[in-house]
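Reader: I've got a model open and would like to talk it through before I set anything up. Can you walk me through it?

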Amino acid sequence: ASYTKEAVVSTQSTGVSKDWHEICSSDVTWNIKCAQHNVPPNNPEGLGQQDLFKNNVLLKENWRNGRCRVNCFSGSEHKMVSVAYDMKTGKIATGMVNGEIRIWNLAKSGGALIATLISHTKAVWGVEWFKGNCLMSCSSDGTIKIWNVKKGLCQKSIEAHEGKVWAIKCDSEVIFSGSDDKMIKCWDIKRCEVVQTYLGHNGSIFCLDLNGSDQLLSGSADKTVRVWDRNTGDCMRSIWVTHTNPGWVMGLSVSQGHVACCHNDKVTIYHINTGVLVKTVQSHTDAIESVEMDMGNGTSNTHTGTTLVTCSKDKSIHYWDLDRNVVHKLDGHKDTVHRVAHTSTRVISVSADCTMKIWKFAAPNNPSIRRKTLVSGGQGQLFLYEYHYDENVQYESEETKLYKKHLARRLRQRNKLTGSSSDLGSHDLLSSLSDCSMTTASTITTVEIVSH
């Protein structure tokens, strides 16, 4: 069976083979499968190797086919314009246009609002988790604030720039900020003092990212992406991304020595050290607000190869599988989608429609069987099951009932011949059978990707 059909393979013969049952239930078998398909060893939920393999298969299939579950969070009349997700704690910070910051905990009821931080006087355009319960934020009020989320207190407030602070980026003991005043500053977090200034842009600086420990990248309204030496403040390279207007570089993302930047309705990918244009992709119908890129490392347990996630004024989120030249469109927001956060299992988006949506691609704890393919041959029969989910399913189709009756009848015949009442695991198979419709929250469109 192919990798995508190996989630569950069950054998059923005239008399179920105990040897086959033991092989298919053994962690040794599934350890081998996990190794063959580069399933990462981390297992925070303590799953068995079979479940770990199955969940990994489902995750990859869901990303490849655009299948996900969607949760929507609101509770405010104000637009959400920034977002940051802390994978270690499961907490999400969202910046609001009215200056508030809201903290959500995914570990509580799938996403409970646990705190509202108030200190900024204008829109919060950037939030960054630092260490533990420490959160950084920047705002149109020209300040950077350092928060103790556990206590709900603003511990430090820095008068950072003369104009709006559009972007921040944290690393080690420093924080970088970009502003309307065309300057980038590097701040010592403990002392709240400027330790380096980066000059060269001729327009507002909207986005920042880091390439290793030596380079800082910035995107600006002057239509350029600049590569800086973090230590000296020198501009190592300036990349002109477009000659069209307005051409503002609204977002950028660094991965594996490449940078993806969004301007107007396009995303362009460059090699950082050479400045060479690698790809240009386009599918949105309006300006792109943010981009995130993951080029993987050959052992990724998510969607394979290079992935882009973008959000736009056209109210949609697109995620791109560049290796297969397809883009998946996630619809649901009713206004501009300002920011996205992207992990191996989900996309988190915030919008001017005052909502945050979480698009979950991971397998649920109790997936159900949807499709059954019966392959007969020789002395036995092989059942291949493809697992899908729908949390709201509370029905059972006629097809499923017939399959249950069929398996129950064969079980009775086998037990009558063997004189045994043991079902060798068939009860679990029968009780798990259900039929459901997979919720597809996206459309899949083949797109032309220009390689240079």
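Reader: Okay, how many helices and strands does the protein chain have?
Author: Keep in mind that this is a predicted model. Going through the secondary structure of the protein chain, the count comes to five helices and 33 strands.

Reader: What share of the residues counts as buried?
Author: A residue goes into that group when its relative accessible area is under 20%. The protein chain has 452 residues, and the share of them that counts as buried is 53%.

Reader: And how much accessible surface is there, with what part from carbon and sulfur?
Author: For the protein chain the total is about 20,500 Å². Carbon and sulfur atoms account for part of that area, namely 48%.

Reader: What fraction of the contacts joins residues at least 24 apart?
Author: Start from contacts between residues at least 6 apart in sequence. Within that set, the fraction joining residues at least 24 apart is 49%.

Reader: Let's look at the sheet with β8 and β9; which strands stand at its edges, and why?
Author: The sheet is open and antiparallel, with its four strands running in the order β7-β8-β9-β10. A strand with a single partner has one side left without a neighbour in the sheet, so the edges are β7 (124–129) and β10 (153–159).

Reader: Which residue of β9 stands opposite S137?
Author: β8 covers residues 134–139 and β9 covers residues 143–148, and the two pair in the antiparallel sense over five bridges. Opposite S137, the residue in β9 is K145.

Reader: Now the largest pocket: which residues are closest to its centre?
Author: This pocket has a volume of about 1,300 Å³. Its lining is made up of 39 residues, and those closest to the centre are E128, K169, D209, E292 and V340.

Reader: Which strands each supply at least two residues of that lining?
Author: β7, the edge strand at 124–129, is one of them. The whole set is β3 (80–86), β7, β11 (165–171), β15 (205–211), β19 (249–255), β23 (288–294) and β27 (337–342).

Reader: β27 is on that list, so where does β27 sit in its own sheet, and which strand is the other edge?
Author: That open sheet has four strands, ordered β2-β29-β28-β27, with antiparallel pairing. The twist averages 20° from one strand to the next. β27 pairs on one side only, which puts β27 at an edge, and the other edge strand is β2 (69–73).

Reader: Last one: which residue in β29 stands opposite V347?
Author: β28 (residues 346–351) and β29 (residues 356–360) pair in the antiparallel sense over five bridges. Facing V347 from β29 is W359.

Methods:
Residues are numbered from 1 along each chain as its sequence is written. This is a predicted model: local features need pLDDT of at least 70, side-chain atom pairs count only at pLDDT 80 or more; totals for chains, interfaces and linings use all residues. Side-chain values use heavy atoms; hydrogens and water are left out. Buried means under 20% relative accessible area, exposed over 50%, partly exposed in between (1.4 Å probe, protein chains only). Contact means heavy atoms within 4.5 Å. Accessible areas come from the Shrake-Rupley method with a 1.4 Å probe; for residues, only the protein chains shown count as cover. Two strands pair if DSSP finds at least two bridges between them. On a 1 Å grid over the protein atoms alone, a cavity is a set of points where a 1.4 Å probe fits but cannot get out, and a pocket is an open set with protein on both sides within 12 Å along at least five of seven lines; lining residues have an atom within 4 Å of a point. Grid points are joined across faces, edges and corners, and a volume is the space filled by probe spheres set on the points. Axes are lines fitted to C-alpha atoms, for helices over the stretch in contact, and angles run from 0 to 180 degrees between N-to-C directions.
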